[in-house]
Amino acid sequence: MPPSESASKSRSKSLEKKAAKADAKTAASAKPKRTPPFEVRRSKIQGRGVFATRRIREGKVITEYIGEPITHEEADRRYDDSDGRHHTFLFVVNDDVVLDARRRGNDAKYINHSCEPNCESVIDDDRVWIQSIKPIAPETELVYDYRFEWDDSYDPEDVRYYACRCGSKKCRGTILRVPVYLRKTVKEWLAGNDVKRPRKPTKKKAKKATKEKAKKKAKKSVKKSSKKTAEKAAKKSRR
Ligand SMILES: C[S@@+](CC[C@H](N)C(=O)[O-])C[C@H]1O[C@@H](n2cnc3c(N)ncnc32)[C@H](O)[C@@H]1O
Ligand SMILES: [Zn+2]
């Protein structure tokens, strides 16, 4: 084939491809927009919650958490904890901004907390997005870990005030992000035993504890893999 003919053939092929792409684009824009993959219903965790209406793949940005940007001081003024129950529609974006979704929010405000979440919140350029961290089956409640900031002045009463009812086997008993050295103590507090709080470990001690924990974990994984290898060998010899 003369070079000019082959060039014009490949040109017309690429034009065909472009046209097909354009057609697909027009068809896509003509299609009605899909409804969001979730809806608000009553939740076993607390009040209302958000549930998947169809399968959601891992890593999907599901929705934005929309709310009125206010200061921390204004948030404290609006939600003063005086009714003895913790219930807010706040999302802390940074040290200056909190989103209050109560009046100007979207359905994301109904997403409950779980200690075993299937979603996470992602802050990007002061906007908050809710994204799936695993595949989610229809009818499953969408949940993320609120990880409320821990304050060293918190006592047993505060911990119980932030009690978690996510129902997961991994539930830590509170919506608060409990520092590792206090996890056992907080469990006692939640069980109604107001044991004394241990001293906060020095940075050096904390580092040592982390190192030891990592060592133990590594040992365990070696044990596990050698157990697996032994099981495989036993299976083979049985064959
Ligand atoms: C943004 S709202 C979530 C929607 C809430 N269920 C409703 O119907 O308004 C956050 C509040 O829901 C409650 N909540 C969410 N997850 C919870 C959980 N795992 N355990 C206990 N209460 C929870 C707390 O009162 C929290 O302050
Ligand atoms: Zn929990």
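How many bridges join strand 2 to strand 10, and do these strands run parallel or antiparallel? Two bridges join them, and the strands run antiparallel. Keep that pairing in mind as we look at several close-ups of this predicted model.

**View 1. The whole chain sets the scene for the close-ups.** Here you can find six helices and 10 strands. The chain has 239 residues, and 16% of them are buried. Take the contacts between residues at least 6 apart in sequence: 63% of these join residues at least 24 apart.

**View 2. Strand 1 and strand 2 form a hairpin.** Five residues lie between the two strands, and in this turn glycine 47 has a positive phi of about 45°. Strand 1 covers residues 38–42 and runs antiparallel to strand 2, with five bridges joining the pair. To follow the pairing by eye, start at phenylalanine 38, which stands opposite alanine 52 in strand 2.

**View 3. Strand 10 pairs with strand 2 and with strand 7.** With strand 2, look for phenylalanine 51 opposite glutamate 141 of strand 10. With strand 7, the pairing is in the parallel sense, over two bridges. Asparagine 112 has valine 143 in strand 10 as its bridge partner. In a regular strand, side chains alternate between the two faces of the sheet. Strand 10 is covered on both faces: Glu141 and Val143 are buried on one side, and Leu142 and Tyr144 are buried on the other.

**View 4. The largest nonpolar core holds 28 residues.** Tyr65, Phe91, Leu99, Ile111, Ile130, Leu142 and Val143 touch the most other members. Strand 2, strand 5, strand 6, strand 10 and helix 5 each supply at least two residues of this core. Strand 10 gives the largest share, three residues. Domain 1 (35–146) and domain 2 (149–207) both contribute to this core, so it lies between them.

**View 5. Phenylalanine 91 has several neighbours from elsewhere in the sequence.** Leaving aside residues up to four places away in sequence, it touches Tyr65, Gly67, Val98, Leu99, Ala101 and Val128.

**View 6. Ligand 1 is surrounded by 19 residues.** The closest are Gly47, Arg48, His87, Asn112 and His113. Strand 2 (48–52) and strand 7 (112–113) are the elements that give two or more residues to this shell. Sorted by class, the shell has six nonpolar, 10 polar and three charged residues. Domain 1 and domain 2 each provide at least three residues of the shell. You have met Gly47 already, in the hairpin turn between strand 1 and strand 2.

Definitions and conventions: Residues numbered from 1 in each chain as written. Chains lettered and ligands numbered in written order. Predicted model: local features only at pLDDT ≥ 70, side-chain atom pairs only at ≥ 80, totals over all residues. Near = placed C-beta within 6 Å. Helix = DSSP H or I, 4+ residues; strand = E, 2+ residues; numbered from the N terminus. Nonpolar A, V, L, I, M, F, W, Y, C, P; charged D, E, K, R; others polar. Domains from an automatic or database assignment. Pairing = 2+ DSSP bridges. Buried ≥ 20, exposed ≤ 12 C-beta atoms within 10 Å, placed from the backbone. Contact = placed C-beta atoms within 7 Å. Core = buried A, V, L, I, M, F, W, Y, C linked by C-beta atoms within 7 Å.
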